[in-house]
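User: Please go through this predicted model with me. I would like to hear the reasoning behind each structural label.

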Amino acid sequence: MRLRVEFTTEPFDLDEAPPHAVVAREVVQGAALDAVDVGPFGNTAEGGAEAVLAAVDELVRESLRVGATRVSLQINVVPEDGA
């Protein structure tokens, strides 16, 4: 099964990326995921279910540890090619 996660961390800071946003970005970029797209107002990552779920666990824990007051995420099942 393939999954796609979309996530944001708060509080927002439009002048510079806060530590919780930097940590979340580092987690997904360092994970064994197939596709990662990070931006100022939302981020997505895609890959196998186990890799996505492991990355989600780490990004939530680490983002909260360094100051996030809210982590919003949505996880969707991505249809396999040929399905």
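**Fold and reasoning**

Analyst: Read from the N terminus, the elements of the protein follow the order β-α-β-β-α-β, and the secondary structure amounts to two helices and four strands.

User: What makes the protein as compact as a globular protein of its length?

Analyst: The radius of gyration is 13 Å, and the globule rule gives 12 Å for 83 residues; the two values are close, so the protein is as compact as a globular protein of that length.

User: Why are β1 and β3 called paired strands?

Analyst: Two strands count as paired if there are at least two bridges between them. Strand β1 (residues 2-10) and strand β3 (residues 43-48) are joined by six bridges in the antiparallel sense, and therefore they meet the criterion of at least two. One of the bridge partnerships links Arg4 with Glu46 in β3.

User: What is the strand order of the sheet, and which strands are its edges?

Analyst: The sheet is open, its four strands being ordered β2-β3-β1-β4 with antiparallel pairing. The edge strands are β2 (35-38) and β4 (70-78), each of which pairs on one side only.

User: How do you know that the helices pack on the sheet, and which strands do they touch?

Analyst: Contact here requires heavy atoms within 4.5 Å. Helix α1 (residues 19-30) touches β1, β2 and β3, its direction making about 165° with that of β1, while helix α2 (residues 49-65) touches β1, β3 and β4, its direction making about 175° with that of β4.

Definitions and conventions: Residues numbered from 1 in each chain as written. Predicted model: local features only at pLDDT ≥ 70, side-chain atom pairs only at ≥ 80, totals over all residues. Heavy atoms only, no water. Axes fitted to C-alpha atoms, helices over the stretch in contact; angles between N-to-C directions. Rg over C-alpha atoms; globule rule 2.2 N^0.38 Å.
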